[in-house]
Amino acid sequence: MSEITLIGLGAMGSALGRALLENEIELTVWNRSVEKTEALVNLGAKSASSLEAAIDASPRVMICITQYEASRALLDQPSIVSTLTNKTIVQLSTGTPGEVRKMAQWVNDQGANYLDGSIMVYPVTIGKEAAQILVSGEKSIYRDCQPYINCLGGDVRYVGEKIGAAAALDLAVLSRLCAITPGVVNGAHICESEGVPLTLYADLFPEGDRARSLALSIHHGNFTDEVIASVNTAISCISAIKTHSEDLGINCEIPAFSINLYQRAVDAGFGDQDAAALIKVLRMAS
Ligand SMILES: NC(=O)c1ccc[n+]([C@@H]2O[C@H](COP(=O)([O-])OP(=O)(O)OC[C@H]3O[C@@H](n4cnc5c(N)ncnc54)[C@H](OP(=O)(O)O)[C@@H]3O)[C@@H](O)[C@H]2O)c1
């Protein structure tokens with residue numbers, strides 16, 4: 001037996017796996033494309049021959065794959081469902097609170113426990129002091145998993161028993177993309193229209209502030225070398241915020257306004273570029 005199994009070894013899952021192994025956790029790994037297991041196996045992880053074997057190998061199963069819904073499809077197969085009884089699923093894929101509640105209910109119905117986590121940093125920060133991870137779910141389950149989750153970063157925050165709380169806070173933080181990013185880009189548009197150097201604008205923001213990097217990308221006219229958050233990433237996050245707001249029946253004017261702006265950047269072919277590329281949409285419209 002291992003202490004924990006990790007499913008999903010993309011950029012984030014691999015970073016999680018490395019952090020667990022650095023802390024000498026006995027780890028079993030599984031990934032849909034088997035070649036991605038090799039790097040972690042070389043660092044000491046055990047590779048499972050099948051998904052069933054991977055779940056069987058540990059009492060706790062951490063999942064980190066692209067789509068939240070896909071993790072249900074992965075587990076909801078007759079040969080897998082029977083392996084879930086008494087396991088604890090630690091879900092670290094990004095989802096909306098609604099998706100989280102649905103998945104938690106289904107997992108509980110299979111006789112398994114469920115914790116949901118939101119990773120608030122890039123893979124490069126995993127394992128470091130600054131790595132912020134929010135976790136929600138039953139406290140006793142969290143306590144059992146805490147030693148493993150704590151390996152992933154120095155800023156792990158338990159945000160309560162409401163299973164959707166971590167995902168709600170994640171969407172709340174991502175809501176900045178709806179208005180702050182377009183607002184900063186709008187500021188750059190004012191400066192360039194007034195002939196004020198964008199370096200002066202960028203210098204108003206402290207080092208590390210996203211507003212500073214947006215202003216500097218626009219100043220250099222370089223939207224591809226350092227993509228901190230692409231237009232495509234922003235639109236997918238904001239779409240999740242809008243859908244969730246609609247499901248809740250709360251006001252969604254701000255995400256709706258923002259999606260329209262980002263969509264025009266996608267339509268103009270800037271989807272893979274940094275969100276600073278929104279400036280090109282503003283310039284087209286002036
Ligand atoms: N990267 C970040 O900066 C970041 C930050 C915070 C949170 N996250 C979250 O972390 C999760 C993973 O992101 P990532 O950056 O690791 O993505 P990634 O590098 O694109 O890797 C995606 C992973 O998901 C697996 N996958 C996708 N669809 C699947 C399916 N239908 N069945 C089984 N496996 C499937 C892939 O398997 P294959 O290798 O077989 O394709 C791969 O292991 C996402 O929910 C993301 O929102 C990422």
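This report describes the sheet, two helices packed on it and the internal cavity of a predicted model.

Residues are numbered from 1 along each chain as its sequence is written. In this predicted model, local features need pLDDT of at least 70 and side-chain atom pairs count only at pLDDT 80 or more, while totals for chains, interfaces and linings use all residues, and side-chain values use heavy atoms, without hydrogens and water.

**Sheet.** The order 3-2-1-4-5-6-7-8 describes an open sheet of eight strands with mixed pairing. Because strand 3 (46-47) and strand 8 (155-158) each have a single partner strand, they stand at the edges, and one side of each is left without a neighbour in the sheet. Strands (E, at least two residues) and helices (H or I, at least four) are DSSP runs numbered from the N terminus; two strands pair if DSSP finds at least two bridges between them. Strand 1 (residues 4-7) and strand 2 (residues 27-30) run parallel and are joined by four bridges; I4 has L27 as its bridge partner in strand 2.

**Helices on the sheet.** Contact means heavy atoms within 4.5 Å. Angles, from 0 to 180 degrees, are taken between N-to-C directions of axes fitted to C-alpha atoms, for helices over the stretch in contact.

| Helix | Strands touched | Angle |
|---|---|---|
| Helix 1 (residues 11-22) | 1, 2, 4 (60-63), 6 (113-119) | about 160° with strand 1 |
| Helix 7 (residues 139-149) | 1, 4, 5 (88-91), 6, 7 (132-137), 8 | about 50° to strand 6 |

**Lining residues.** Y68, E69, R72, E99, K102 and M103 line the largest cavity (on a 1 Å grid over the protein atoms alone, a set of points where a 1.4 Å probe fits but cannot get out; lining residues have an atom within 4 Å of a point). Helix 4 (68-75) and helix 6 (97-109) each supply at least two residues of this lining.

Technical notes. 1 Å grid on protein atoms, 1.4 Å probe; cavity = no way out; pocket = protein on both sides within 12 Å on 5 of 7 lines; lining within 4 Å.
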